[in-house]
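Open the model in your viewer and keep the sequence panel beside it. This tour goes stop by stop, with a selection to make at each one.

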Amino acid sequence: MGAREFTRGRRVVARLAHGGDLLEEIAAVAEEHGMRTAELRAIGALQAARLAFYDQSAHEYGEFTVDAPVELIGLLGNVSLKDGATFVHAHATLAGHDGACVAGHVAPGCVVFAGELVLQELVGEPLEREFDEVTGLALWRDL
Ligand code: ZN
């Protein structure tokens with residue numbers, strides 16, 4: 001276990017572009033406002049989605065496509081740095097026309113229909129990711 005303290009900085013609210021890629025849209029907002037570390041949440045709708053599940057034994061993501069319009073019930077995540085660049089890590093819960101939900105780690109390929117994002121800047125030494133041997137994931141270093 002490791003932890004670091006941050007203070008709350010600016011809060012940015014953004015409307016995500018119709019047709020944009022969900023992860024790219026969020027990264028662009030963070031970069032535009034110079035946020036290197038932030039927490040995020042969003043709601044909205046997607047035209048299609050691409051989610052992933054991490055295989056803890058194989059150390060690899062298995063991706064799956066949701067090839068239908070869905071409600072973005074909840075998107076939770078954070079912004080930090082990986083290899084010096086903005087990196088968005090987010091998990092989504094999506095609901096189809098009958099309310100049935102699927103959820104997972106957000107992969108590239110989630111196409112925004114409409115999206116309302118809130119980014120909360122965290123002020124302090126920026127969080128940076130590095131490869132973790134134990135999990136095979138890019139986790140926060142120095143924590
Ligand atoms: Zn994840």
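Is Asp142 buried or exposed? Asp142 is exposed, because its relative accessible area is 58%; buried means under 20%, exposed over 50% and partly exposed in between, with a 1.4 Å probe and protein chains only. Select Asp142 in the segment after β9. Its phi is positive, about 60°, although Asp142 is not a glycine.

**Ground rules**

This is a predicted model, in which local features need pLDDT of at least 70 and side-chain atom pairs count only at pLDDT 80 or more, while totals for chains, interfaces and linings use all residues. Residues are numbered from 1 along each chain as its sequence is written, and side-chain values use heavy atoms, with hydrogens and water left out.

**The whole chain**

Zoom out and colour by secondary structure. The protein chain has one helix and nine strands. Helices (H or I, at least four residues) and strands (E, at least two) are DSSP runs, numbered from the N terminus. The order from the N terminus is β-α-β-β-β-β-β-β-β-β.

Next, look at the overall dimensions. The C-alpha atoms fill a box of roughly 45 × 40 × 20 Å along the principal axes. The radius of gyration is 15 Å, which agrees with the value near 15 Å for a compact globule of 143 residues. That radius is taken over C-alpha atoms, and the globule rule is 2.2 Å times the number of residues to the power 0.38.

Switch on the surface. The protein chain exposes about 8400 Å², and carbon and sulfur atoms supply 52% of that area. Accessible areas come from the Shrake-Rupley method with a 1.4 Å probe; for residues, only the protein chains shown count as cover. Of the 143 residues, 36% count as buried. Among contacts with a separation of 6 or more, 68% are between residues 24 or more positions apart. Contact means heavy atoms within 4.5 Å.

**The zinc ion**

Which residues hold the protein donors of the zinc ion? Select His89 (NE2), His91 (NE2) and His105 (ND1), which lie 2.0 to 2.1 Å from the zinc ion. Donors are N, O and S atoms within 2.8 Å of the metal (3.2 Å for Na, K and Ca); water is not among the atoms, so sites may look incomplete. The spacing in sequence is H-x1-H-x13-H. His89 in strand β5 (residues 85-95) and His105 in strand β6 (residues 101-106) link distant parts of the chain, 16 residues apart. His89 counts as partly exposed because its relative accessibility is 22%. His105, at 16%, counts as buried.

**Strand β4: Asn78 and Ser80**

Move to Asn78 in strand β4. Asn78 is buried, at 16% relative accessible area. Its contacts beyond four places in sequence include the zinc donor His89, along with Phe87, Val88 and Trp140. A polar contact of 3.2 Å joins the side chains of Asn78 and Arg129. A polar contact is a pair of N or O atoms within 3.5 Å; within protein, one must be able to donate a hydrogen and the other to accept it, and residues adjacent in sequence count only if both atoms are side-chain atoms.

Now select Ser80, also in β4. Ser80 counts as buried, because its relative accessibility is 0%. Its side chain makes a polar contact of 3.1 Å with that of Arg129. Measure across to Arg36: the C-alpha atoms are separated by 5.6 Å, though the two residues are 44 apart along the chain.

**Around β8**

Show β4 (residues 70-82) and β8 (residues 128-131) together. These strands run parallel, joined by two bridges. Two strands pair if DSSP finds at least two bridges between them. Leu81 has Glu128 in β8 as its bridge partner. Next, add β9 (residues 138-140): three bridges join β9 to β8, and the pair runs antiparallel. Glu130 stands opposite Leu139 in β9. Six residues lie between the strands of this hairpin, where Gly136 takes a positive phi near 80°.

**Last selections**

Go to Glu121 in strand β7 (residues 111-123). Glu121 counts as buried, at 13% relative accessibility. Among the residues that Glu121 touches are Thr7, Arg10, Met35 and Ala38.

Finish at His59, in the loop between β2 (38-55) and β3 (60-66). His59 has a positive phi of about 60° without being a glycine. Most residues other than glycine have a negative phi. His59 counts as partly exposed, at 32% relative accessibility.
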